[in-house]
Amino acid sequence: MSTYFSQSPEQTQAFAKEYAKTLRAGDVVVLDGDMGAGKTVFAKGVAEGLGIKEEVTSPTYAYMNDYDGRLFHYDCYRIESVEQAETLGLADYFDMGGICLIEWAQNIAPLLPRVVKRVTIKKIDETRREIIY
């Protein structure tokens with residue numbers, strides 16, 4: 001594991017853009033962090049690093065946003081059961097060849113592939129973050 005200390009949302013996004021270069025098609029990345037830690041900012045950087053031009057927004061109410069089949073950005077905060085996630089077909093995207101970024105993955109833990117990457121973002125103060133990857 002490695003650690004990066006970000007001084008601003010812009011640095012977090014820039015770091016995530018570089019992190020994206022380490023990802024391969026089919027990777028599943030669990031994004032851990034409290035509400036407001038910067039998980040969506042990180043997702044924006046990954047998308048940028050993958051060359052995705054679309055605006056990345058939090059999929060809080062959609063559960064998952066699909067960016068050209070290359071990036072699947074999940075927000076499982078509102079998922080109440082594994083059965084709900086299965087009904088929504090969320091696990092189907094793990095095998096579609098894109099990169100999956102999953103916020104609040106603990107809510108669908110039984111559905112996750114055996115091997116996942118993990119990025120933990122800890123809020124130090126209003127702008128600074130500790131990113132463990």
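This is a short dialogue on reading ring pairs, burial, cysteines and salt bridges in a predicted model.

Reader: Let's start with the rings. How many aromatic pairs are there?

Author: The idea is to look at how far apart two ring centres lie and at the angle between the planes. Here the count comes to 9 aromatic pairs. Take Tyr19 and Phe42: their centres are 5.6 Å apart and their planes make 55 degrees, which counts as tilted. Edge-to-face would need an angle over 60 degrees.

Reader: Which parts does the pair of Tyr19 and Phe42 tie together?

Author: Tyr19 belongs to helix 1 (residues 9-19) and Phe42 to helix 2 (residues 39-49), so this pair joins parts that are 23 residues apart in sequence. Both Tyr19 and Phe42 are buried. Ring pairs also put these two in a cluster, together with Tyr4, Phe15 and Tyr133.

Reader: Staying with helix 2, which of its residues are buried?

Author: For burial, you check whether the relative accessible area is under 20%. In helix 2 that picks out Lys39, Thr40, Phe42, Ala43, Gly45, Val46 and Ala47. Note that a lysine is on that list, namely Lys39.

Reader: And what covers those buried residues of helix 2?

Author: The cover includes helix 1, and also strand 2 (28-32), strand 4 (71-75), strand 5 (99-103), strand 6 (117-123) and strand 7 (129-132). While you're there, look at what follows helix 2: Gly51, with a positive phi near 80 degrees.

Reader: On to the sulfurs. How many disulfides does the rule give?

Author: The test is a distance one: two cysteine sulfur atoms have to lie within 2.5 Å. The count here is 0 disulfides.

Reader: Why does Cys76 not form a bond?

Author: Because the closest cysteine sulfur, in Cys100, is 10 Å from the sulfur of Cys76, too far for a bond. Turn it around and you get the matching result: for Cys100 the closest cysteine sulfur is in Cys76, at 10 Å.

Reader: Is Cys76 buried or exposed?

Author: Cys76 is buried, at a relative accessible area of 0%. Cys100 is buried too, with 0% relative accessibility.

Reader: Now the charges. How many salt bridges does a search of the whole structure find?

Author: Here you look for a side-chain nitrogen of Lys or Arg within 4 Å of a carboxyl oxygen of Asp or Glu. The search finds 8 salt bridges. One of them pairs Glu48 with Lys17, where the closest N and O atoms are 3.5 Å apart. Glu48 sits in helix 2 and Lys17 in helix 1, so this bridge links parts that are 31 residues apart in sequence.

Reader: How accessible are Glu48 and Lys17?

Author: Glu48 is partly exposed, with a relative accessible area of 38%. Lys17 is also partly exposed, at 32%.

Reader: Which residue forms a salt bridge with Asp68?

Author: That would be Arg70, with 3.7 Å between the closest N and O atoms. Asp68 is exposed, at 54% relative accessible area, whereas Arg70 counts as partly exposed at 36%.

Reader: And what about Glu126 and Lys123, what is their N to O distance?

Author: Their side chains meet in a salt bridge at 3.9 Å, N to O. Glu126 is exposed, with a relative accessible area of 64%, and Lys123 is partly exposed, with 43%.

How values were computed:
Residues numbered from 1 in each chain as written. Predicted model: local features only at pLDDT ≥ 70, side-chain atom pairs only at ≥ 80, totals over all residues. Heavy atoms only, no water. Phe/Tyr/Trp six-rings, centres within 6.5 Å; stacked < 30°, edge-to-face > 60°. Helix = DSSP H or I, 4+ residues; strand = E, 2+ residues; numbered from the N terminus. Buried < 20%, exposed > 50% of the residue type's maximum accessible area, 1.4 Å probe, protein only. Contact = heavy atoms within 4.5 Å.
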